[in-house]
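Reader: I have a protein model open and I'm still learning how to read one. Could we go through it together, a piece at a time?

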Amino acid sequence: MRVFLFDRKELSVINRKEEITDETCLITDQEAEQLEITLADKNGHIWRVDKYTVGCSGAKPSENHKWNEAEKKWLVDETLVNENLAKKRAELWEIIKQKRLEATRTGVEVTLLDGRVRHFHTDQVARQEYDGMGVTVILGNFEPRQWKTIENDWVQFDLDTFKLLVTAIKNKVDHDYRNAEVLKAQIDKSKNPETVDLDQGWSKAYA
């Protein structure tokens, strides 16, 4: 017959009634299954109901449940609910900030003065180059040059082109920062923030 050895907290089998001790609890196959589940969960609880009967909690239903010893059952704990919700929102906000950074680095569209539409890189290396050009503009020694676009062709990168590019980058960054705040507001409002689509609303990518 199936038994649970309470002092050793393990399942076993005995063949004779003489093997029954004060630590032996008789169990059914269904009870054995629940005990296995309880033993596998580090949060599980096992107790004596009477001399030969054992009770078990089963697995913890969710991170928001807490064991109630008096009632011998799992109950939703509002403190845990709020703590876990705040933790999840903080984790998602970090993901949003990473997506915001990635979105600002996917290139911008610029309509040149001659009417041609070209796309320029906005990754970290390109942004450093543009920052350096900005310094030369301030110092008054900016020099036009040939510049390769995302289309892999060359354009005359003069001061007018630089100004158009700077404006496009600013608009892109502003858009993505606003979108990040929109998404943050959604996860802060939601009771199930993990269901919010964090891929929505970012600026168009060209690279």
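Reader: Let's start with S8 and S9: how many residues lie between them in the hairpin?
Author: In this predicted model, five residues separate S8 and S9 in their hairpin, and Gly115 in the turn has a positive phi of about 95°. Strands here are DSSP runs of E with at least two residues, helices are runs of H or I with at least four, and both are numbered from the N terminus.

Reader: And how do S8 and S9 pair?
Author: Strand S8 covers residues 108-111 and strand S9 covers residues 117-120, and they pair in the antiparallel sense over four bridges. Two strands are said to pair if DSSP finds at least two bridges between them. Within this pairing, Glu109 stands opposite His119 in S9.

Reader: Before I go on, how are the residues numbered, and what should I keep in mind about the values?
Author: Residues are numbered from 1 along each chain as its sequence is written. The model is predicted, so local features need pLDDT of at least 70 and side-chain atom pairs count only at pLDDT 80 or more, while totals for chains, interfaces and linings use all residues, and side-chain values use heavy atoms, with hydrogens and water left out.

Reader: Okay, which residue has a positive phi in the hairpin of S6 and S7?
Author: That is Lys72, which takes a positive phi near 55° in a hairpin with four residues between the strands. Lys72 has this positive phi although it is not a glycine, and most residues other than glycine have a negative phi.

Reader: Is Lys72 buried, exposed or partly exposed?
Author: Lys72 counts as partly exposed, at 29% relative accessibility. Buried means under 20% relative accessible area, exposed means over 50%, and partly exposed is in between, using a 1.4 Å probe and protein chains only.

Reader: What about the strands on either side of that loop, how are they joined?
Author: Four bridges join S6 to strand S7, which is made of residues 73-76, and the two run antiparallel. His65 has Val76 as its bridge partner in S7.

Reader: Which residues of S6 are on its covered face?
Author: His65 and Trp67 form the covered face of S6 (residues 65-68), whereas Lys66 and Asn68 form the uncovered one. In a regular strand the side chains alternate between the two faces of the sheet.

Reader: Where is Asn152, and what is its phi near?
Author: Asn152 is found in the loop between strand S10 (145-148) and strand S11 (154-157), and its phi is near 70°, a positive value in a residue other than glycine. Asn152 is exposed, with a relative accessible area of 52%.

Reader: Switching to the start of the chain, which strand holds Val13?
Author: Val13 is in strand S2, residues 10-13. Four bridges join strand S1 (residues 2-5) to S2 in an antiparallel arrangement, and Arg2 stands opposite Val13 in S2. If its neighbours within four places in sequence are left aside, Val13 is in contact (heavy atoms within 4.5 Å) with Met1, Arg2 and Val3.

Reader: Which other strand does S1 pair with, besides S2?
Author: S1 also pairs with strand S3 (residues 24-26), in the antiparallel sense over three bridges, and there Val3 has Leu26 as its bridge partner.

Reader: Now the other end: is Trp202 buried or exposed?
Author: Trp202, in the segment after helix H4 (159-189), is buried, with a relative accessible area of 17%. Leaving aside neighbours within four places in sequence, its contacts include Ile96, Ala103, His175 and Leu183. Trp202 and Val173 are 29 residues apart in sequence and 9.9 Å apart in space, C-alpha to C-alpha.

Reader: Zooming out, how many helices and strands are there, and why is the chain called spread out?
Author: The protein chain has four helices and eleven strands. Its radius of gyration is 32 Å, well over the 17 Å that the globule rule gives for 207 residues, so it is more spread out than a compact globule. The radius is taken over C-alpha atoms, and the rule is 2.2 Å times the number of residues to the power 0.38. The C-alpha atoms fill a box of roughly 100 × 30 × 30 Å along the principal axes, and buried residues make up 32% of the 207 residues.
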